[in-house]
Amino acid sequence: MDLTVKDLSVKYSEKEIVKKVSLETSDNSFVALLGPNGSGKSTLLRSIYRVLKPSGGIILFDGKDSEDISNRKLAKEMAVVSQMNNLNFDFTVKEIVMMGRTPHLNILQSESSKDYEIVNSALEDVGMEDYGNRSYTSLSGGEKQRIMLARAIAQEPKLLILDEPTNHLDVRFQLQTLSIVKKLGINVLAALHDLTLASQFCDYLYILKDGEIDSQGKPDQVLTKEVIKRVYDIECEIVQAPNSKGLLISYYPPQTV
Ligand code: ATP
Ligand code: MG
């Protein structure tokens, strides 16, 4: 499912946090939303997944105004992994992942063997197949994050919204998570912090600064020393990664420049 956002503005009280942002993810591309802490990434994503009402602009799913699409229909097509996954669920891992199937079940319909297969395969995708009977609350931060991704995969979405899906993960699982997401072959919009990872996995980047799009384009066009200096106020060196797609970025600590 394609997502198009046009001139979207979002306010908290009277303060405009997201200012006339336009972006899109279409043709099953993996799109990243980058930008410093507080630049408005989560706020923008929350308005896309309907936790916040925008103060202006329009959100389209497959070209259709979001306001004309029911929550139930949207839940079948869009999955969300938000930044707040540290909830105290008193459920097993399998039960949490099964929640991803809810939009596909009719009222009073119980899960079928197909739903269980989808749940098991989603757990395998994130390398958590041995954790199905564990209590969710007993998991580590990174394990919880992988379970939230498994729940989103089990939902079989056509659009995936991720808010910092890798922030608790060790380097191997950061790479694994982004590879899994890429292999889904669906439209993805992900707020990320790691610019190197974004350059390796993403097809297109938008950089937010103070609630506005500062730059957008393919990773090697957007991630330049000048843009990183302007947006993050950090000096860096950038080289093309020798054996893989993407860039290698090293940063200079602020006090030495
Ligand atoms: P991070 O990289 O730290 O996750 P972000 O780009 O996701 O940052 P947001 O969470 O969208 O940033 O926050 C944008 C701005 O809006 C911040 O200045 C934040 O303090 C402010 N903000 C967020 N939630 C609220 C709220 N409920 N009320 C008032 N201001 C808020
Ligand atoms: Mg955020």
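Which strands does helix H1 (residues 41–48) lie across? In this predicted model, helix H1 lies across strand S1 (3–12), S2 and S4, and runs at about 115° to S1.

These three strands belong to an open sheet of four strands, in which the order is S2-S1-S4-S5 and the pairing is antiparallel. Strand S2 (15–25) and strand S5 (64–65) form the edges, each pairing on one side only. Between strand S4 (residues 56–61) and S5, two bridges are found, again in the antiparallel sense. Phe 61 has Lys 64, in S5, as its bridge partner.

Helix H2 (residues 71–77) includes Glu 77. With a relative accessible area of 14%, Glu 77 falls under the 20% cut-off and is therefore buried. Leaving aside residues up to four places away in sequence, Glu 77 touches Met 1, Pro 157, Lys 158 and Leu 159.

Helix H2 also contributes to the largest pocket, as do strand S6 (78–81) and helix H5 (141–154), each giving two or more residues to the lining. The space in this pocket amounts to about 310 Å³. Its lining comprises 16 residues, and Ala 75, Met 78, Ala 79, Val 80 and Gln 155 lie nearest the centre. By class, 10 of the lining residues are nonpolar, four are polar and two are charged.

The second largest pocket has a volume of about 240 Å³ and is lined by 14 residues, with Lys 53, Pro 54, Ile 59, Ser 66 and Glu 67 nearest its centre. Strand S4 supplies the largest share of this lining, four residues. The lining of the second largest pocket consists of five nonpolar, five polar and four charged residues.

Definitions and conventions:
Residues numbered from 1 in each chain as written. Chains lettered and ligands numbered in written order. Predicted model: local features only at pLDDT ≥ 70, side-chain atom pairs only at ≥ 80, totals over all residues. Heavy atoms only, no water. Pairing = 2+ DSSP bridges. Contact = heavy atoms within 4.5 Å. Axes fitted to C-alpha atoms, helices over the stretch in contact; angles between N-to-C directions. Buried < 20%, exposed > 50% of the residue type's maximum accessible area, 1.4 Å probe, protein only. 1 Å grid on protein atoms, 1.4 Å probe; cavity = no way out; pocket = protein on both sides within 12 Å on 5 of 7 lines; lining within 4 Å. Points joined across faces, edges and corners; volume = space filled by probe spheres on them. Nonpolar A, V, L, I, M, F, W, Y, C, P; charged D, E, K, R; others polar.
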